[in-house]
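Biologist: Can you walk me through this one? I'd like to go through it piece by piece.

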Amino acid sequence: VQLQACGGGLVQAGGSLRLSCAASGRTLSTSRMGWFRQAPGKEREFLARIGSTGRLISYTDSVKGRFTISRDNAENTVYLQMNSLKPEDTAVYYCAAAGSLWGSTWRPDYWGQGTLVTVSS
């Protein structure tokens with residue numbers, strides 16, 4: 001399975017970006033998909049996760065109300081709409097898929113290569 005993320009870039013604070021992540025190699029329509037990010041000097045953190053049918057969605061507190069995750073199983077793609085971006089959202093954003101839940105912690109099987117989001121103040 002390969003995950004190809006795109007949509008990152010430079011945006012001013014308060015702006016929006018939409019990330020996309022397309023999977024290839026096998027269908028992921030029955031797998032959870034989601035997003036993580038890693039800011040400079042920090043550990044990778046979970047952002048959002050969406051279940052196979054799109055009904056089970058989870059966000060980390062720092063992005064609730066600003067970010068929206070969605071998926072298109074026909075296109076084998078997951079999206080992350082990011083609004084009201086802040087300088088502290090600057091990071092490399094990674095999509096992920098499949099894997100298992102250990103309590104509330106998700107351990108994906110597959111990772112994308114990352115796309116850089118830079119939010120200027």
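Modeller: Here is a quick tour, by question and answer. Keep in mind that this is a predicted model.

Biologist: Okay, let's start with Asn76. Where is it in the chain?

Modeller: Asn76 is in a loop. That loop runs between β7 (67–72) and β8 (77–82).

Biologist: Is Asn76 buried or exposed?

Modeller: Buried. Its relative accessible area is 12%, and the cut-off for buried is under 20%.

Biologist: Which residues does Asn76 touch?

Modeller: Leave out residues up to four places away in sequence. Then Asn76 touches Cys21, Ala22, Ala23, Arg26, Thr27, Leu28 and Ser29.

Biologist: Which backbone atom lies 2.8 Å from a polar atom of the Asn76 side chain?

Modeller: The backbone nitrogen of Leu28.

Biologist: New topic: pockets. What volume does the largest pocket have?

Modeller: About 180 Å³.

Biologist: And how many residues line the largest pocket?

Modeller: The lining has 15 residues. Nearest the centre are Arg32, Ile50, Gly51, Ser52 and Leu56.

Biologist: Which strands supply at least two residues each to that lining?

Modeller: β5 (45–50) and β6 (57–59) each do.

Biologist: How does the lining divide into nonpolar, polar and charged?

Modeller: Five residues are nonpolar, seven are polar and three are charged.

Biologist: Now the rings. How many aromatic pairs does the structure hold?

Modeller: Three. One of them is Phe36 with Phe46. Their ring centres are 5.7 Å apart, and the angle between the planes is 75°. That makes the pair edge-to-face, since the cut-off is over 60 degrees.

Biologist: Which strands hold Phe36 and Phe46?

Modeller: Phe36 lies in strand β4 (residues 33–38), and Phe46 lies in strand β5. The two are 10 residues apart in sequence, so the pair ties those parts together.

Biologist: Are these two rings buried or partly exposed?

Modeller: One of each. Phe36 is buried, at 7% relative accessibility. Phe46 is partly exposed, at 21%. Buried means under 20%, so Phe46 misses that cut-off.

Biologist: Which residues form the aromatic cluster?

Modeller: Phe36, Phe46, Trp106 and Trp111 form one cluster.

Biologist: Switching again. Where is Arg18?

Modeller: Arg18 is in strand β3 (residues 17–24). Its relative accessible area is 46%, so it counts as partly exposed.

Biologist: What is Arg18 in contact with?

Modeller: Skip the neighbours within four places in sequence. That leaves Cys6, Gly7, Tyr79, Leu80 and Gln81. Take Gly7: along the chain, it is 11 residues from Arg18. Yet their C-alpha atoms are separated by 5.9 Å.

Biologist: Last topic: backbone angles. What sign does phi usually have?

Modeller: Most residues other than glycine have a negative phi. Ser84 is not a glycine, but its phi is positive, about 50°. Ala98 is not a glycine either, and its phi is also positive, about 60°.

Biologist: Where are Ser84 and Ala98?

Modeller: Both are in loops. Ser84 is in the loop between β8 and β9 (91–97). Ala98 is in the loop between β9 and β10 (100–102).

Biologist: And which is buried, which is partly exposed?

Modeller: Ala98 is buried, at 8% relative accessibility. Ser84 is partly exposed, at 41%.

Definitions and conventions: Residues are numbered from 1 along each chain as its sequence is written. This is a predicted model: local features need pLDDT of at least 70, side-chain atom pairs count only at pLDDT 80 or more; totals for chains, interfaces and linings use all residues. Side-chain values use heavy atoms; hydrogens and water are left out. Helices (H or I, at least four residues) and strands (E, at least two) are DSSP runs, numbered from the N terminus. Buried means under 20% relative accessible area, exposed over 50%, partly exposed in between (1.4 Å probe, protein chains only). A polar contact is a pair of N or O atoms within 3.5 Å; within protein, one must be able to donate a hydrogen and the other to accept it, and residues adjacent in sequence count only if both atoms are side-chain atoms. Contact means heavy atoms within 4.5 Å. On a 1 Å grid over the protein atoms alone, a cavity is a set of points where a 1.4 Å probe fits but cannot get out, and a pocket is an open set with protein on both sides within 12 Å along at least five of seven lines; lining residues have an atom within 4 Å of a point. Grid points are joined across faces, edges and corners, and a volume is the space filled by probe spheres set on the points. Ala, Val, Leu, Ile, Met, Phe, Trp, Tyr, Cys and Pro count as nonpolar, Asp, Glu, Lys and Arg as charged, and the others, Gly among them, as polar. Rings of Phe, Tyr and Trp (its six-membered ring) pair if their centres lie within 6.5 Å; planes under 30 degrees apart count as stacked, over 60 as edge-to-face and the rest as tilted.
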